[in-house]
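Student: Please take a close look at the aromatic rings of this model and at the strands that go with them. I would like one connected account that I can follow on screen.

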Amino acid sequence: MKMQSHYHNLKKFQYSTALPLFLMLTDAFVIYCVTKGWYQLDAELSSSFAGTQNIVFVLLSLSWVISGLIASTYQVEHLGTFEKIYYYSANTGLLYAILLFSLKFTQVLPSFSWVYLGLLFLSTGGAVVLGRSIMLHVYRYYRNLPFNKKPCIVIGTNPTAINLYRYFQNNSLPQSFQGFFDDQYPENQKAKDWYLGSLEDVQAYCLEKGIKEIYYTKPNNKIYLNELQDFAEKHFIYLGIVPDLDSDEKRKIDAQLFDDGKIPVISFRNTPLRLIVNAQIKRLFDIVFSFLVLFILSASVFPVIALLIKISSPGPVFFRQLRPGRNNRLFWCYKFRTMKVNNQSETQATKNDTRITRIGAFLRKTSLDELPQFYNVLIGDMSVVGPRPNMQNQLVYYSEHIPEYPIRHTISPGITGYAQVSGYRGETKELYLMQKRVEYDLEYMQNWSLSLDIKIIGLTVWNIIKGEETAY
């Protein structure tokens with residue numbers, strides 16, 4: 001179902017812009033350290049521009065970053081192999097050398113001898129390439145750890161299926177290949193060695209072995225594919241169609257290319273956060289942001305709120321409730337208590353709800369009651385931005401009445417979300433209100449980027465300042 005969004009120009013990002021920014025800052029830091037090291041070793045040079053050395057160090061660091069931007073070094077697709085790292089770093093180094101010589105000729109760096117510039121160029125380029133190579137080694141090692149592996153199966157034993165098997169086996173990938181399924185016993189020896197059963201055995205095997213990804217390579221079978229799709233979404237399993245799919249026009253799909261474009265894979269939904277690098281960037285942002293919020297507010301705002309809650313009504317300061325999180329895993333969701341102590345915790349708050357205390361109404365109106373959930377973010381149960389976690393009874397009801405509702409539980413729930421800043425917050429008296437929330441949640445999942453998270457956080461703060469009619 002298509003939705004008229006309040007924000008018309010959302011762009012899909014397979015990768016976040018945060019990784020290139022991180023690498024730019026890392027390069028600048030490395031060059032700063034290398035330049036300062038040479039400065040400390042050369043006593044004559046140290047005395048020639050004492051007092052302005054930090055300006056010179058920053059200028060040299062910016063020169064390398066600018067060279068890298070011109071040479072496209074920081075594009076994510078140029079960072080995945082050592083060959084590409086060496087190639088684009090060499091291009092960056094060439095531009096950097098030109099800038100260094102230009103700075104020398106224009107007397108910006110008059111004290112730098114040609115020998116010193118040469119040594120600086122070689123040590124700078126070497127340090128950056130070494131650092132980038134180490135990061136790639138560490139990333140590949142981390143990605144290959146057992147807890148990062150995703151067991152997967154391939155449906156079909158045709159040549160495309162065999163190529164996909166070889167790709168999984170011959171490359172350092174998060175996928176852990178388990179075997180083939182097909183109604184016909186395969187002729188290929190490799191397929192025979194890895195043959196697991198017929199198509200009717202797929203679902204039972206996935207549940208028994210905890211399969212995370214399924215790749216379908218057989219000719220299009222709409223009835224079976226629809227059944228497989230429903231099964232995969234219900235159990236949080238990624239389903240990839242290889243290579244082409246005559247899909248429903250209303251469904252957005254995500255096309256990826258494996259093995260340098262030789263194997264096309266199509267998914268029913270575009271999900272940037274399925275990529276490990278994007279998930280790790282989002283998690284790192286959550287940790288840093290939630291830590292800063294808790295650090296700042298724990299000694300200032302939290303004690304005041306706690307005192308007001310205690311004065312307003314008897315009972316604990318905090319309220320906790322089991323909520324379904326990612327993959328429907330239950331977790332304790334924390335809030336400041338805004339109601340009188342009662343036994344109706346699974347009943348959604350309504351307008352003029354008599355259970356809400358006077359200070360509780362203020363906390364709900366300003367969203368201050370949600371602040372303890374930054375602890376949930378810090379420990380990994382939630383994210384700063386994501387679909388809001390509903391109550392358990394709502395999970396059961398909406399899963400039965402909204403077919404796409406379970407999909408929003410494939411990522412961590414958030415303190416705020418795209419639906420909330422788009423006007424869908426508060427009580428859901430009618431089913432269509434939750435349907436609109438689900439639509440916005442799915443649009444967020446399909447268009448995620450770190451910049452979108454930051455935008456939603458900014459809109460949330462603005463909504464708190466101006467006030468919201470549905471916040472009660």
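Tutor: A residue is called buried here under 20% relative accessible area, exposed over 50% and partly exposed in between, with a 1.4 Å probe and protein chains only. This is a predicted model, in which local features need pLDDT of at least 70 and side-chain atom pairs pLDDT 80 or more, while totals for chains, interfaces and linings use all residues. Residues are numbered from 1 along each chain as its sequence is written, and side-chain values use heavy atoms, without hydrogens or water.

Let us begin with the rings. A search of the whole structure gives 23 aromatic pairs (rings of Phe, Tyr and Trp, the last by its six-membered ring, with centres within 6.5 Å; stacked under 30 degrees between planes, edge-to-face over 60, tilted for the rest). One of them joins Tyr87 to Tyr88, with 5.0 Å from centre to centre and 90° between the planes, which makes this pair edge-to-face. Tyr88 has a relative accessible area of 18% and therefore counts as buried. Another pair, between Tyr165 and Phe180, is tilted, with the centres 5.9 Å apart and the planes at 55°. Tyr165 belongs to helix 6 (residues 159–170) and Phe180 to strand 2 (residues 175–181), so this pair ties together parts of the chain that are 15 residues apart in sequence. Helices here are DSSP runs of H or I with at least four residues, strands are runs of E with at least two, and both are numbered from the N terminus.

Both partners of that tilted pair are shielded by the protein: Tyr165 is buried because its relative accessibility is 7%, and Phe180 is buried because its relative accessible area is 0%. Nor do these two rings stand alone, since ring pairs link Tyr165 and Phe180 with Phe177 and Trp194 into a cluster.

Next come the strands and the tyrosines that they carry. Strand 4 (residues 213–216) is covered on both faces, with Glu213 and Tyr215 buried on one side and Ile214 and Tyr216 buried on the other. Strand 4 runs parallel to strand 1 (residues 150–155), to which four bridges join it (strands pair if DSSP finds at least two bridges between them). In that pairing, Tyr215 of strand 4 is the bridge partner of Val154. Strand 5 is also parallel to strand 4, and again four bridges make the connection; across it, Glu213 stands opposite Tyr238.

Tyr238 deserves a second look, as Arg274 lies over the face of its ring, 3.7 Å from the ring centre (a charge sits over a ring if NZ of Lys or CZ of Arg is within 6 Å of the ring centre and within 35 degrees of the ring normal). Thus Tyr238 takes part in two contacts that you can inspect, one with Glu213 across the strands and one with Arg274 at the ring face. If you follow the chain onward from strand 5 (238–241), you enter the loop to strand 6 (254–258), where Pro243 is found. Pro243 counts as partly exposed because its relative accessibility is 29%. Its C-alpha atom is 5.1 Å from that of Pro264, although 21 residues separate the two prolines in sequence.

A second arginine and ring belong to another part of the chain. The charged end of Arg320 sits over the ring of Trp332, at 3.7 Å from the ring centre. The strands to examine here are strand 8 (residues 318–324) and strand 9 (residues 330–336), which pair in the antiparallel sense over seven bridges. Within this pairing, Gln321 has Cys333 of strand 9 as its bridge partner.

The hairpin that these strands form has five residues between them, and there Asn327 takes a positive phi near 55°. Asn328, which also lies in the loop between strand 8 and strand 9, has a phi near 65°, again a positive value in a residue other than glycine. With a relative accessibility of 31%, Asn328 is partly exposed. A similar backbone feature is found later in the chain, where Ser367 has a positive phi near 65° in the loop between helix 12 (358–366) and helix 13 (373–379). Ser367, however, is buried, because its relative accessible area is 14%.
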